[in-house]
Amino acid sequence: MTITVVLIIAVALAFDFFNGFHDAANSIATVVSTRVLTPKQAVAWAAFWNFAAFAIFGTAVAATISKVVQPGVFNNAAIFAGLFGAIAWDIITWLLGLPTSSSHALVGGMAGAAVALSGWDSLVAAEFQKIAVFIVLSPLFGFLLAFTIMTGIYWVFHRYRKVEKLNRGFRRAQLVSAALFSLGHGANDAQKTMGIILALLIANHRLPIDASVPVWVVLAAHSAIGLGTLFGGWRIVHTMGSKITKVQPVGGFSAETAAAAAIMVATLGGVPVSTTHTITGAIVGTGTTQRLSAVRWGVAGRVVWAWVLTIPGAFVVSFGVETVLKGVWK
Amino acid sequence: MRFGRRPLFFLAVAVISLLLLPPTPSDFRWVNLTMAGIALFWFVLLGIEEVQGDRLTSDETAHLSATSTNEREERP
């Protein structure tokens with residue numbers, strides 16, 4: 001393996017680490033804001049389940065990511081440019097405190113680099129269509145499931161008068177729902193990096209074009225995302241946990257369970273969804289059980305704008321980097 | 001009768017899910033259909049709640065105004 005390949009794998013794993021760092025908020029925002037766990041305990045819990053996901057889920061999402069661009073198009077410089085665009089966009093949105101999607105940043109980044117290298121024909125329209133449809137569907141799916149679970153819980157327990165005891169019960173149940181969500185997050189997001197490393201190894205003729213993801217790549221990606229979560233990003237916890245809507249233990253439980261179910265369905269089907277989109281939709285869903293005005297739509301709207309800009313933003317950065325690299329990196 | 005925003009919000013979610021049905025890969029269309037089903041279910045339930053709530057409010061208003069008229073008439 002050449003030093004270039006090793007360096008790009010290191011950058012890909014750094015992206016995975018930053019993905020965990022950036023998205024740690026999604027896994028732990030509700031358990032922290034409802035005071036079920038302290039921030040430190042919460043990140044350790046989420047990081048463990050991020051890593052454990054490797055033993056449960058396959059690599060269907062990694063296969064989808066590696067197919068976003070026509071086989072044979074990518075070279076080392078383009079993969080580097082794609083990763084650079086995604087990381088740059090993640091850092092910008094992190095500095096602004098916006099919970100955008102690292103996954104879509106990665107897709108936008110890879111697309112930008114591929115277009116700069118070989119034009120629009122290098123993109124696989126069907127894969128983009130799948131990702132684009134689920135950009136809209138995943139938050140709505142999280143929203144509907146969370147609303148349904150929350151209303152179901154209210155319906156079952158509406159005669160129960162011991163509210164304190166009930167809250168205690170849901171605080172404990174949130175440990176399970178947060179673990180499920182972290183499991184889904186680890187499975188779906190770590191696989192995106194696996195897809196990039198797979199594309200890199202194929203581009204360098206280290207693996208045949210139809211190869212599956214090697215075990216060392218699976219373990220490295222899950223370790224990187226787990227470590228990233230362990231060093232979690234606190235700026236976004238605030239936006240996710242309290243600014244969109246005030247979250248109670250029952251709401252946290254419903255939102256995490258709904259988001260976990262939606263992400264797991266997508267992961268098993270090989271769809272790279274955004275864990276950020278899904279949990280945001282689910283938190284809005286729990287807020288809507290009170291009334292629509294319980295949701296702070298101004299903050300939710302800012303988040304939606306960041307979503308809309310993520311793929312074009314990362315695309316433009318990567319396109320620029322690849323255009324420069326094309327002349328320099330032969 | 002005033003129709004609240006919440007049922008309409010769910011109707012909008014159902015419409016979006018169904019509009020996205022053609023571009024969704026065939027393997028995943030069940031997701032759109034399930035979502036549309038759940039959203040329509042809540043649209044109907046919340047709609048009924050709104051209508052009943054409206055009827056109750058108008059009945060209560062009518063009852064209250066009738067009571068106050070009777071009270072006024074009974075007063076010496």
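**Figure 1. Glu49(B) is partly exposed, with 13 other C-beta atoms within 10 Å.** This close-up, like the others here, comes from a predicted model. Glu49(B) sits in helix H2 of chain B. Follow the chain from Glu49(B) to Asn32(B) and you cover 17 residues along the sequence, with 25 Å between the two C-alpha atoms. The 13 neighbours of Glu49(B) place this residue between the two cut-offs, since a buried residue needs 20 or more and an exposed one has 12 or fewer.

**Figure 2. Chain B is built from two helices and zero strands.** Here the view widens from Glu49(B) to its whole chain. Of the 76 residues in chain B, 18% are buried. Take the contacts in chain B between residues at least 6 apart in sequence: 63% of them join residues at least 24 apart.

**Figure 3. Chain B meets chain A through 18 residues of its own, in contact with 14 residues of chain A.** On the side of chain B that touches chain A, the elements giving two or more residues are H1 and helix H2 (29-74). Sorted by class, that side of chain B holds 12 nonpolar, three polar and three charged residues.

**Figure 4. Helix H6 of chain A packs against helix H1 of chain B, with the two axes 11 Å apart.** This panel picks out one helix pair across the two chains. H6(A) spans residues 125-157 and H1(B) spans residues 5-19, and the angle between them is about 140°. That angle makes H6(A) oblique to H1(B), and the crossing is left-handed. From H6(A), the contact uses Val136(A), Leu140(A) and Leu144(A). Their partners in H1(B) are Val13(B), Ile16(B) and Ser17(B). By class, this contact of H6(A) with H1(B) has five nonpolar residues, one polar residue and no charged ones.

**Figure 5. Chain A is a chain of 12 helices and zero strands.** Reading along its sequence gives the pattern α-α-α-α-α-α-α-α-α-α-α-α. The radius of gyration of chain A is 20 Å, close to the 20 Å that the globule rule gives for 330 residues, so chain A is as compact as a globular protein of that length. Along the principal axes, the C-alpha atoms of chain A fill a box of roughly 70 × 35 × 30 Å. Buried residues account for 58% of the 330 residues in chain A. For contacts in chain A between residues at least 6 apart in sequence, 90% link residues at least 24 apart.

**Figure 6. H6(A) also packs against H10(A), with their axes 8 Å apart.** Two packed helices are described by the angle between their axes and the distance between the axes. For H6(A) and H10(A) the angle is about 140°, and these two helices are therefore oblique to each other. The crossing of H6(A) and H10(A) is right-handed. If you would like to trace the contact in the structure above, residues of H6(A) to look for include Phe134(A), Phe141(A), Leu145(A), Ile149(A) and Ile153(A). On the H10(A) side, among them are Val250(A), Gly251(A), Ser254(A), Ala258(A), Ala262(A) and Ala266(A). The contact of H6(A) with H10(A) divides into 14 nonpolar, five polar and no charged residues.

**Figure 7. Helices H7 and H10 of chain A have axes that come within 8 Å.** H7(A) covers residues 163-203 and H10(A) covers residues 249-268. Their axes cross at roughly 25°, and H7(A) and H10(A) are therefore roughly parallel to each other. The cut-off behind that label is 35 degrees, under which an angle counts as roughly parallel. The crossing of H7(A) and H10(A) is left-handed. In the contact of H7(A) with H10(A), the residues divide into 14 nonpolar, nine polar and two charged.

**Figure 8. His205(A) has a positive phi of about 55° although it is not a glycine.** This last view moves to a loop: His205(A) lies between H7 and helix H8 (215-230) of chain A. Is His205(A) buried or exposed? With 8 C-beta neighbours inside 10 Å, His205(A) counts as exposed.

Methods. Residues numbered from 1 in each chain as written. Chains lettered and ligands numbered in written order. Predicted model: local features only at pLDDT ≥ 70, side-chain atom pairs only at ≥ 80, totals over all residues. Helix = DSSP H or I, 4+ residues; strand = E, 2+ residues; numbered from the N terminus. Rg over C-alpha atoms; globule rule 2.2 N^0.38 Å. Contact = placed C-beta atoms within 7 Å. Axes fitted to C-alpha atoms, helices over the stretch in contact; angles between N-to-C directions. Parallel < 35°, antiparallel > 145°, perpendicular 65-115°, else oblique. Left-handed = near helix turned anticlockwise from the far one by under 90°. Nonpolar A, V, L, I, M, F, W, Y, C, P; charged D, E, K, R; others polar.
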